[in-house]
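Work through the exercises below with the structure in view, trying each task before reading its solution.

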Amino acid sequence: MKKRILVTGADGMLGSNLVRELLTREYIVRALIQPGRIPGTLAGLDVELFSGDVLNIEDIELAIKQCDYVIHAAASTAIWPERNRAVYDINLEGTMNVVWAATAAKIKRLVHVSSANVFDAGNKMIPGDEFGSFTGHKYGLDYINSKYDAQTVVIKAVHCGLDAVIVNPTFMIGAYDSSKGSNSIILALNNGRIVAAPPGGKNFICAKDAAVAISNALTMGRKGECYILGNQNLSYKDFFQLTANSIHSKPPFFSFSASLIKLFAASTNMLAAITKKRPLISNTIARMSCDQHFYKADKAVAELKLPQTPIEQGIVEAFTWFKQNGFA
């Protein structure tokens, strides 16, 4: 008999890749969609659409009925303003509701999608791993803080008997980014809006690889364990060059020092305070862009069979999808 899986955040970029992966494995997929939202990235797929909000416990309890598994991928990734109660509510209270409903329904396993940012990042010589402590609070972003608090809720529930595995993706690149989220950096580069590279860097992963590992986590991985889903550690300069080569565009010609990036951010934030508009780059994002956010995914590769597709393939797939859907 086919197993039914509830996927929250199913029409997001990761969720859209995830739903497609689950369907290839012949799961019955129930997609939780916010009321009034049109899930364009799921159009034509054989899924059960369920209208509901993670902030409404009754919606979650209804959605989870007859499900064997739950993948909780719904989250707000908004980083402006830095302090945002709505972000905290969605990421923390939404997770609490899912954990409560999953526990009450005695589902076989919950796979919770967290973030690699809940672990201390490393450098290229010594990348961060799942043993790193939480240091992300130094940035003052409710997004990062809420993801850490939500993960803590899941871990506590495991100690009370819930079978759950936590996955921690790094910066994901891939198709179906209808909200122009993480992949907007590709569009910005293609449109010539990135004129210089900051001195920091990130770990990048193809979204479809993350989807494979998350699907594997339904039956693989150890209860209560965390798994960083990542691939290549790249400086922003190297990532911009790789992206430019992949989409046949021009990389930025300049590199900014940390002091220059922070000075520019300070000036744009002063202007934003006067105009009451979002700054071109916030002080927090400027600070983060000067740091190295490098991780290793050895544990997920070994235990969740995480693929390691070259990042340029994800870049091409993202840009192709953007062009096909009128974004580029």
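**Exercise 1.** Find where Ser76 is located, decide whether Ser76 is buried or exposed, and list what Ser76 touches.

*Solution.* Ser76 is found in the loop between β4 (69-72) and α3 (85-105), where helices (H or I, at least four residues) and strands (E, at least two) are DSSP runs numbered from the N terminus. The model is predicted, so that local features need pLDDT of at least 70 and side-chain atom pairs pLDDT 80 or more, while totals for chains, interfaces and linings use all residues. Residues are numbered from 1 along each chain as its sequence is written, and side-chain values use heavy atoms, without hydrogens and water. Next, Ser76 counts as buried because its relative accessibility is 14%, buried meaning under 20% relative accessible area, exposed over 50% and partly exposed in between (1.4 Å probe, protein chains only). Finally, leaving aside residues up to four places away in sequence, Ser76 touches Val87, Ile90, Asn91 and Tyr143, with contact meaning heavy atoms within 4.5 Å.

**Exercise 2.** Check whether the span of helix α7 agrees or disagrees with the expected value, then list its buried residues and say what follows α7.

*Solution.* Helix α7 (residues 236-247) has 12 residues, and its expected span, 1.5 Å times one less than its number of residues, is 16 Å, which agrees with the 16 Å between its end C-alpha atoms. The buried residues of α7 are Tyr236, Phe239, Phe240, Leu242, Thr243, Ala244, Ser246 and Ile247. After α7 comes His248, with a positive phi near 60°.
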